[in-house]
Amino acid sequence: KVVEITLPIIEKKMQIDDEGTEIWALTFNGSVPGPMIVVHEGDYVEVTLQNLPENGMEHNVDFHSATGALGGGALTKVLPGEQVVLRWKATKPGVFVYHCAPGDVMIPYHVTHGMSGAVMVLPRDGLKDAAGNPVAYDRAYFIGEQDYYIPRDEDGNFKKYDLAGEDLAESLDVMRTLTPTHVVFNGRAGSMTGDNALRAKVGERVLFIHAQANRDSRPHLIGGHGDFVWEGGSFNDRPDTNMETWFIRGGSAGVMAYTFEQPGIYAYVNHNLIEAVMLGATAHVVVDGEWDDDLMMQVTKPGPIVS
Ligand code: CU
């Protein structure tokens with residue numbers, strides 16, 4: 001099958017936390033991350049990459065799931081107002097990052113301004129556990145983790161800019177420290193907490209597809225486990241089981257499958273807890289269903305120490 005996808009590139013100002021911090025984001029399809037493209041092994045992906053005329057920069061796309069020509073990066077450079085069509089064959093089942101890579105410092109600059117997404121290439125016969133039994137799932141969440149490097153003014157406040165690209169020199173200075181000012185899921189702090197929390201029910205199996213185009217991460221589901229984890233993202237590999245925390249290498253995507261057994265609010269975090277709590281890398285899953293006292297119960301309420 002040929003799966004046709006139009007991917008507009010949109011340079012746009014976005015708010016990245018509740019304090020009003022802004023970035024002129026460079027996006028695929030107007031969001032950070034860009035959309036996850038889902039196909040089956042053996043399909044052809046035909047991407048129309050459009051650099052919208054309002055944009056100011058050259059862009060392209062490197063698909064880690066594709067073979068040859070810098071993942072398509074060498075064949076997809078487009079200036080504002082141009083489009084290009086690239087077709088590649090999805091030969092490797094798994095999850096993969098795609099990102100902009102226009103050359104030199106513009107590669108990390110574009111990626112740290114939001115320009116990445118993911119591809120999931122499903123095996124024809126579905127996901128399997130280590131014994132070869134099918135692993136079905138009820139829901140799939142795409143968690144695109146993004147590190148931002150926002151310049152500050154003399155007073156330590158995050159700077160704002162009038163145009164995309166105006167922050168280039170100052171952003172590169174912050175990027176050289178390798179210390180992000182924000183590490184967030186799906187574009188901004190709080191994108192999946194509170195009213196925006198993900199939802200599931202007890203008994204449902206959920207896929208957590210986690211992508212990070214630039215920097216290492218270590219996902220953990222607080223109160224749950226990684227029942228099945230394809231850590232490196234290849235569905236040809238046997239999944240690890242019952243992991244507490246797994247690793248997503250910068251420049252890769254991985255998949256975890258979990259069946260919820262208790263109701264409540266779960267936090268899905270990057271378990272560098274500074275990044276989770278202080279820089280933004282936290283999502284919540286609100287799970288409905290019946291509590292199981294056998295798995296956990298509060299035997300007595302908090303009270304004075306009994307000696
Ligand atoms: Cu770009």
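**Exercise 1. Find where Pro 33 sits, and describe the peptide bond before it.**

Step 1. Pro 33 belongs to the loop between strand S2 (22–28) and S3. Strands here are DSSP runs of E with at least two residues, helices are runs of H or I with at least four, and both are numbered from the N terminus.

Step 2. The bond that joins Val 32 to Pro 33 is a cis peptide bond, with omega about 0°.

Step 3. Asn 29 lies in the loop between S2 and S3 as well. Its phi is near 70°, a positive value in a residue other than glycine. Asn 29 is partly exposed, at a relative accessible area of 38%. Here buried means under 20% relative accessible area, exposed over 50%, and partly exposed in between (1.4 Å probe, protein chains only).

Step 4. For background, most residues other than glycine have a negative phi, and most peptide bonds are trans.

A note before going on: this is a predicted model, in which local features need pLDDT of at least 70 and side-chain atom pairs count only at pLDDT 80 or more, while totals for chains, interfaces and linings use all residues. Residues are numbered from 1 along each chain as its sequence is written, and side-chain values use heavy atoms, leaving out hydrogens and water.

**Exercise 2. Work out the order of the open sheet of 4 strands, and name its edges.**

Step 1. Reading across, the order is S3-S8-S7-S5, and the pairing is mixed. Two strands pair if DSSP finds at least two bridges between them.

Step 2. Strand S3 (36–40) and strand S5 (62–63) are the edges, since each pairs on one side only.

Step 3. Now look at S3 and strand S8 (residues 116–122): they run parallel and are joined by 5 bridges. Met 36 has Ala 118 in S8 as its bridge partner.

**Exercise 3. Describe the surroundings of strand S9 (residues 139–148).**

Step 1. Of the 10 residues of S9, 8 are buried, so the strand is largely enclosed by the rest of the structure.

Step 2. S9 pairs with strand S12 (residues 205–212) in the parallel sense over 7 bridges. In this pairing, Gly 144 stands opposite Ala 211.

Step 3. With strand S10 (residues 182–185), S9 pairs in the antiparallel sense over 4 bridges. There, Tyr 148 faces His 182.

Step 4. Follow the chain past S10: Asn 186 is in the loop between S10 and strand S11 (198–201). Asn 186 has a positive phi of about 50°, and it is partly exposed, at 23%.

**Exercise 4. Decide whether Phe 260 and Ile 305 are buried or exposed.**

Step 1. Phe 260 is in the loop between strand S16 (252–259) and strand S17 (264–270). With 1% relative accessibility, Phe 260 counts as buried.

Step 2. Among the residues that Phe 260 touches are Val 206, Phe 208, Leu 221 and Tyr 266. Contact means heavy atoms within 4.5 Å.

Step 3. Ile 305 lies in the segment after strand S18 (282–288). Its relative accessible area is 83%, and Ile 305 is therefore exposed.

**Exercise 5. Describe the chain as a whole.**

Step 1. Its secondary structure comes to 3 helices and 18 strands.

Step 2. The radius of gyration is 21 Å, close to the 19 Å of the globule rule for 307 residues, so the chain is as compact as a globular protein of that length. This radius is taken over C-alpha atoms, and the rule is 2.2 Å times the number of residues to the power 0.38.

Step 3. Of the 307 residues, 51% count as buried.

How values were computed. Lists of a residue's contacts leave out its neighbours within four places in sequence.
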